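Good morning, colleagues. Please take a moment with the sequence and the model before I begin.

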Amino acid sequence: MASEDVKTGESAVTKIVNLAEEAKLAREGVVKAPNYAIGSICKSLVAGGVAGGVSRTAVAPLERMKILLQVQNPHNIKYNGTVQGLKYIWRTEGFRGLFKGNGTNCARIVPNSAVKFFSYEQASKGILHLYQQQTGNEDAQLTPVLRLGAGACAGIIAMSATYPMDMVRGRITVQTEKSPYQYRGMFHALSTVLKEEGPRALYKGWLPSVIGVVPYVGLNFAVYESLKDWLIKSRPFGLVQDSELSVTTRLACGAAAGTIGQTVAYPLDVIRRRMQMTGWNHAASVITGDGRGKVPLEYTGMIDAFRKTVRHEGFGALYKGLVPNSVKVVPSIALAFVSYEMVKDILGVEIRISD
């Protein structure tokens, strides 16, 4: 079963064609529409949602620390590093402070992860179908580059669908107990931003997010799937037994995928967070942490944000918060992939693309 899960092969085309023919016949009233397809889609979405919620909650304190380091005023340093920052949050805000914004993050990441995993499977099937047609080889399999393309498509779709929630989540996360203005929750933040800044404000930082999601999500899926295929085929160090990867090995594959993806895309994540803060009346005082200092937070666009960040703070500013992000992204991505596959196994959903 596990080896079948990993392979990507010939029956994807047959499956797609059969579903299309059945859908056409169902519309014409010749046969009834298949219920199993809808059930499979729902289970796939549930598995993706569970994977996202579990992985993000497990690393929520590190996620908040990363964002605070990304946007804090360099002239009024409050968080000097990951450990010091986490201790400071614990001392000033308590246990709940470590998980501030996680509810909004889960409300965003559950649908985001569900759509992302489902979109990846569908994009993989579609790309494989086109690739097999182009090469004339029905036994052709997805290459790492094609997996990268499928992952990029999935990331763009999922990120765009849930971006407003990510935008307000960033603002809620950087609030502290001393902040002069408090968003009371996700819906209050969404309505406040709409009222005070207009609907376009909900998509501030969208462009660097789109650009960053291509290497980040694309590399995550490409590296993870390619590593699994390589381990199954080459069987190095006795890691594969009976053509099946252990949970530990799959966690390691996910960790490697997450590390590569986040390192490449991280500067764009910093710029995205900073752009999300522009236009927020209380952003400057929130970022300085105590309400005393004011810093200009005006960017005309992504390039301007890059230029001003590097000019005023140096190239290293593009990697602020990389340490907590690196610490959290390894277990986060690993848990997401493994949770997804385990939940799909429990729900009885086929993970494979081929038989």
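Which residues have the most contacts inside the largest nonpolar core? They are Phe117, Tyr120, Val217, Phe221, Tyr224, Phe337 and Tyr340, in a core of 22 residues. Six helices each supply at least two residues of this core: α3 (35–58), α6 (102–135), α7 (144–174), α9 (206–234), α10 (247–277) and α13 (322–347). The largest share, 8 residues, comes from α9. Leaving aside residues up to four places away in sequence, Phe221 touches Lys116, Phe117, Tyr120, Gly151 and Phe337. There is also a second, separate core of 14 residues, and Met159, Met167, Val168 and Val210 are among them.

I turn now to α9 itself. At 1.5 Å a residue, its 29 residues should span 42 Å, and the end C-alpha atoms are 41 Å apart, which agrees. The helix nevertheless bends by about 35 degrees at Val213, with a proline, Pro215, following within four residues. After α9 comes Arg235, whose phi is positive, near 50 degrees.

Finally, a word on confidence. This is a predicted model; the mean pLDDT of the protein is 74, and 75% of its residues reach 70 or more. Among the elements, helix α8 (residues 186–197) has the highest mean pLDDT, 88, and helix α1 (residues 2–6) the lowest, 39. Over residues 1–17 the pLDDT is below 50, although this stretch has 42 contacts in the model beyond near neighbours in sequence. Residues 351–355 also stay under 50, and for them the model has 25 contacts beyond four places in sequence. Where pLDDT is low, the predicted coordinates should not be read in detail.

How values were computed. Residues are numbered from 1 along each chain as its sequence is written. This is a predicted model: local features need pLDDT of at least 70, side-chain atom pairs count only at pLDDT 80 or more; totals for chains, interfaces and linings use all residues. Side-chain values use heavy atoms; hydrogens and water are left out. pLDDT is the predictor's confidence in each residue, from 0 to 100. Contact means heavy atoms within 4.5 Å. A nonpolar core is a set of buried Ala, Val, Leu, Ile, Met, Phe, Trp, Tyr and Cys residues joined through side-chain atoms within 4.5 Å. Buried means under 20% relative accessible area, exposed over 50%, partly exposed in between (1.4 Å probe, protein chains only). The expected span of a helix is 1.5 Å times one less than its number of residues. The bend at a residue is the angle between axes fitted to the seven residues ending there and the seven starting there.
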